[in-house]
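The following exercises introduce a single protein chain. Please study the sequence and the structure before attempting them.

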Amino acid sequence: MTVFPEAQCVHRPHWSLARTWLLEPARPGCWRALSSHADVVVLDLEDGLPDADKPAGRQVVSELLRGDGRAWVRISSAGTPDWHADLEAAATAPGLDGVMLAKVESAHDVVSTAQRLPAGTPVVALVESALGIESALEIARSCARIAFGIGDFRRDTGMCADPMVLAYPRARLVIASRAAGLPAPIDGPTLRDNAADLSRDTEITKAAGMTGRLCLDAGHASTINALLSPSPDEIDAARATLARLDAPTSHYDGSSGPTRARAEAILELAAKLGVLSDSPEVSSNPQW
């Protein structure tokens, strides 16, 4: 299987900073997603394929990742027959960048998966149930990053999609990630049929303290990337804040430390994502 050269020339941030996680069903031709604007491409062997198509999907993944392609793979929930088969197809492939593990409900799910992978392979835990949310800190201490599977979580709990209703599970994942020293979590996707809500949904993600989103349509990636990056207004405001705090006449009080830290974090993230190119403080060779 051959991947077009442009697929290998897409510059993406490190997965710890990734904003868009494109779930691409593992079908023939899925390699085209590797040239999308998504920060991470995840070949989907789980819900992205009907059960009857899973064996063929594993063959696609095996061929792609043993050829000249690199990607993440979403695998089935730990301990199931599909989990064993998915790992057999992907675990030893040289092009495997990481694994997204479906329906995680305990640290054991993550640990048992990591034990089947080459040392150091990152595992993103996809939390999709009430038990998973209530085990968030335990899970966060065992994985590389957490993602929120909103669809299955709503099916499990009966909750609606209203942002106020889902504020609690989002907050649990954000706080658990921070407490465990992980990057901020990855929010659920906007369905293709609801593309008109993409910007609104992404602003909700950002307001909740999450810094990435699952993505079901490659066409959504550019919008998500832009909205989850510091905006020009945010960058200007951060610079103005630091200038004010550094001024000789600045009034220092108990809020100055957190205010400075937030401004510095915005500029640091902007630099790492390559959206601060006009700043003299940014290297001409950003690390990806």
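A residue counts as buried when its relative accessible area is under 20%, as exposed when that area is over 50%, and as partly exposed in between. The model is a predicted one.

**Exercise 1. Determine whether Arg58 is buried or exposed, and describe its surroundings.**

Step 1. Locate the residue: Arg58 belongs to helix 1, which covers residues 54–65.

Step 2. Apply the cut-off. The relative accessibility of Arg58 is 12%, and because buried means under 20%, Arg58 is classed as buried.

Step 3. List the contacts. When neighbours within four places in sequence are set aside, Arg58 is in contact with Leu45, Asp82, Ala85, Asp86 and Ala89.

Step 4. Look for polar partners. The side chains of Arg58 and Asp82 form a polar contact at 2.8 Å.

**Exercise 2. Classify Ser62 and Thr121 by accessibility, and find a polar contact of each side chain.**

Step 1. Ser62 is found in helix 1. Its relative accessibility is 16%, so Ser62 is buried.

Step 2. The side chain of Ser62 makes a polar contact with the side chain of Arg66, at 2.9 Å.

Step 3. Thr121 is placed in the loop that runs between helix 3 (107–114) and strand 5 (123–127). With a relative accessibility of 18%, Thr121 also counts as buried.

Step 4. The side chain of Thr121 reaches the backbone oxygen of Pro118 at 2.7 Å. Not counting residues up to four places away in sequence, Thr121 touches Leu96 and Gly98.

Step 5. Compare sequence with space. Thr121 and Ala91 are 30 residues apart in sequence, and their C-alpha atoms are 9.3 Å apart.

**Exercise 3. Identify the buried residues of helix 3 and the elements against which they pack.**

Step 1. The buried residues in helix 3 are Ala107, Asp109, Val110, Ser112 and Thr113.

Step 2. These buried residues pack against strand 3 (71–75), helix 2 (81–90), strand 4, strand 5 and helix 5 (136–140).

**Exercise 4. Examine the backbone and the accessibility of Lys103.**

Step 1. Lys103 is situated in the loop between strand 4 (96–101) and helix 3.

Step 2. Recall the general pattern: most residues other than glycine have a negative phi. Lys103 is not a glycine, yet its phi is positive, at about 50°.

Step 3. The relative accessible area of Lys103 is 28%, so Lys103 is partly exposed.

**Exercise 5. Check the length of helix 7 and describe its buried residues.**

Step 1. Helix 7 has 13 residues, and at 1.5 Å a residue it should span 18 Å. The expected span is 1.5 Å times one less than the number of residues.

Step 2. The C-alpha atoms at the ends of helix 7 are 18 Å apart, which agrees with the expected span.

Step 3. Pro169, Arg170, Leu173, Val174, Ala176 and Ser177 are buried in helix 7.

Step 4. Just after helix 7, Gly181 has a positive phi of about 75°.

**Exercise 6. Describe the largest pocket and the second largest pocket by volume and lining.**

Step 1. The volume of the largest pocket is about 880 Å³. Its lining consists of 27 residues, and those closest to its centre are Ala184, Gly209, Thr211, Ala265 and Leu269.

Step 2. Assign the lining to helices. Helix 7 (167–179) and helix 11 (256–272) each supply at least two residues of this lining. Helix 11 gives the most, with 6 residues.

Step 3. Sort by class. The lining of the largest pocket contains 13 nonpolar, 6 polar and 8 charged residues.

Step 4. Turn to the second largest pocket, with a volume of about 680 Å³. It is lined by 33 residues, of which Ile150, Gly151, Pro189, Thr190 and Leu191 lie nearest its centre.

Step 5. Two or more residues of this second lining come from each of strand 1 (20–25), helix 6 (150–157), helix 8 (198–207) and strand 8 (212–215).

Step 6. By class, the lining of the second largest pocket has 13 nonpolar, 7 polar and 13 charged residues.

**Exercise 7. State whether Ala207 is buried or exposed, and give its C-alpha separation from Leu228.**

Step 1. Ala207 lies in helix 8.

Step 2. Its relative accessibility is 71%, so Ala207 is exposed.

Step 3. Ala207 and Leu228 are 21 residues apart along the chain, and their C-alpha atoms are separated by 10.0 Å.

Note on methods. Residues numbered from 1 in each chain as written. Predicted model: local features only at pLDDT ≥ 70, side-chain atom pairs only at ≥ 80, totals over all residues. Heavy atoms only, no water. 1 Å grid on protein atoms, 1.4 Å probe; cavity = no way out; pocket = protein on both sides within 12 Å on 5 of 7 lines; lining within 4 Å. Points joined across faces, edges and corners; volume = space filled by probe spheres on them. Helix = DSSP H or I, 4+ residues; strand = E, 2+ residues; numbered from the N terminus. Nonpolar A, V, L, I, M, F, W, Y, C, P; charged D, E, K, R; others polar. Buried < 20%, exposed > 50% of the residue type's maximum accessible area, 1.4 Å probe, protein only. Polar contact = N/O pair within 3.5 Å; in protein donor to acceptor, adjacent residues only side chain to side chain. Contact = heavy atoms within 4.5 Å.
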